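Hi,

Here is the structure I promised to pass on. Have a look at it first, and then read on for what I found.

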Amino acid sequence: MRAARLIKMVLLLQSRPSMTAAELARELEVSERTVARDVLSLSEAGVPVYADRGRAGGYRLIGGYRTRLTGLGRSEAEALFLSGVPTALREMGLADAASAARLKVSAALLPELRDAAAGAAQRFHLDAPAWYQEPATPALLPAVADAVWDDRRLTARYHRKDREVERELEPYGLVLKAGVWYLAARAGGTPVAAPAPASGSGSGSYRVYRVDRFTAVTATGERFTRDETFDLPAFWAARAEQFARSLLRAEVVLRLSARGVRQLPYVTERAAAREAIEQAGPPDEHGRLTVTLAVESADIAYSQLLALGPEGEVLAPPALRERFAAAARGTAALYD
């Protein structure tokens with residue numbers, strides 16, 4: 001375990017000009033004290049690790065030192081071949097490049113590891129599109145992907161509600177969610193074809209655009225300076241959570257049995273269900289829990305919460321409670 005950590009530390013320092021003790025600790029998932037001990041061990045083993053003192057200091061390799069400890073183990077090789085999404089690469093026009101890269105990696109592996117690619121492909125497959133819909137590749141996706149790779153500004157025309165607008169974008173990253181491609185980009189200036197601003201925060205902020213709503217994309221040829229602090233996975237997670245919460249505009253009060261409590265996250269929005277259960281008071285004398293659940297609308301709540309059956313009782317709003325009572329009477333009549 002420690003030997004693998006020391007190797008990883010050397011490879012990290014080899015790939016970057018320098019790293020602070022905090023950065024190494026975070027990457028290696030150890031304490032800064034452990035980092036200091038490991039650096040001392042590397043120095044004693046002849047690895048030229050140098051410590052820069054001061055606020056901007058850190059650790060670095062000196063003298064152009066390069067290690068040859070770059071061989072891949074079987075699990076690492078299999079994980080590497082699993083890291084691509086074939087459908088996504090094909091849609092972005094990168095299938096040939098990915099195939100060539102896999103061939104080069106395979107050729108560089110030890111003979112006993114040459115079957116890693118086939119072994120991984122036979123055991124795991126990622127099917128990105130959602131069920132019950134034909135996957136459609138946006139025609140302009142390759143052009144957008146090229147701009148993302150090259151950090152080049154582009155001018156995009158896209159459908160926004162009942163009109164078409166044009167905006168200059170700094171394309172930061174692409175996200176494939178349930179078969180739909182989204183572009184995370186920083187918008188510059190104001191819309192050309194419409195006076196109203198696009199949805200999102202102020203000018204210069206990061207926004208999300210559906211690629212299939214683009215009607216024209218033109219690369220300006222001008223590069224932009226990427227904000228290196230931008231974290232695409234973190235940005236998408238935050239935006240997705242924000243979007244999900246923005247849909248929950250109504251509330252329903254429920255009385256749940258113990259089984260209903262367990263079922264609730266499976267019939268409605270999971271984060272809202274967990275939050276409702278966590279904020280509920282203690283169960284009553286019959287072990288039933290009263291929760292206030294955030295929902296999109298009364299109609300959607302009706303279709304979702306019917307799945308609870310007798311494990312959930314709607315207390316409010318009164319109109320929704322009456323709908324459930326009528327449904328219960330109708331169901332009882334069918335089985336009478």
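**Helix α13 and what surrounds it**

Let's start with helix α13, where the buried residues are Leu320, Phe324 and Ala327. They sit on the same side of the helix, because the arc they cover around the axis is only 60°. The spacing fits a general rule: an α-helix has 3.6 residues a turn, so residues three or four places apart point the same way. Turn to the other side of α13 and you'll find Pro318, Ala319 and Ala333, which are exposed.

What lies over those buried residues? The cover includes strand β8, helix α12 (298-305) and strand β10. As for its length, α13 has 17 residues and spans 24 Å from first C-alpha to last, close to the 24 Å expected at 1.5 Å a residue.

Before going further, please keep in mind that this is a predicted model. The mean pLDDT of the protein is 83, with 85% of residues at 70 or more. Among the elements, β10 has the highest mean pLDDT, at 96, while helix α4 (residues 74-82) has the lowest, at 65. I'd also flag residues 189-204: pLDDT stays under 50 there, and the model has 30 contacts for this stretch beyond four places in sequence.

**The sheet next to α13**

Two of the names above, β8 and β10, belong to an open sheet of three strands, ordered β9-β8-β10 and paired antiparallel. β9 (289-295) and β10 (312-316) are the edge strands, each pairing on one side only. From one strand to the next, the twist averages 35°.

How many bridges join β8 to β9? There are seven, with β8 covering residues 250-256 and the two strands running antiparallel. If you want one pair to look up, take Ala250, whose bridge partner in β9 is Val295.

Two helices go with these strands. Helix α10 (residues 258-267) lies across β8 and β9, and runs at about 145° to β8. α13 (residues 318-334) packs on the sheet as well, touching β8 and β10, and its direction makes about 145° with that of β10.

**Two residues to click on**

Is Gln14 buried or exposed? Gln14 counts as buried, because its relative accessibility is 16% and the cut-off for buried is under 20%. You'll find Gln14 in helix α1 (residues 2-15). Setting aside neighbours within four places in sequence, Gln14 is in contact with Leu61, Tyr65, Arg66 and Thr67.

The other one is Arg153, in strand β3 (residues 152-160). Arg153 counts as buried too, at 16% relative accessibility. With neighbours within four places in sequence left out, the contacts of Arg153 include Glu168, Leu169, Glu170 and Pro171. Also among the contacts of Arg153 are Thr218, Ala219, Thr220, Gly221, Glu222, Arg223 and Phe224.

**The whole protein**

Stepping back, the secondary structure comes to 13 helices and 10 strands. The protein has 336 residues, and buried ones make up 33% of them. Of the contacts between residues at least 6 apart in sequence, 64% join residues at least 24 apart.

That's the tour. Shout if anything is unclear.

Cheers

Conventions: Residues numbered from 1 in each chain as written. Predicted model: local features only at pLDDT ≥ 70, side-chain atom pairs only at ≥ 80, totals over all residues. Heavy atoms only, no water. Pairing = 2+ DSSP bridges. Helix = DSSP H or I, 4+ residues; strand = E, 2+ residues; numbered from the N terminus. Axes fitted to C-alpha atoms, helices over the stretch in contact; angles between N-to-C directions. Contact = heavy atoms within 4.5 Å. Buried < 20%, exposed > 50% of the residue type's maximum accessible area, 1.4 Å probe, protein only. pLDDT = per-residue confidence, 0-100. Expected span 1.5 Å × (residues − 1). Arc of directions from axis to C-beta.
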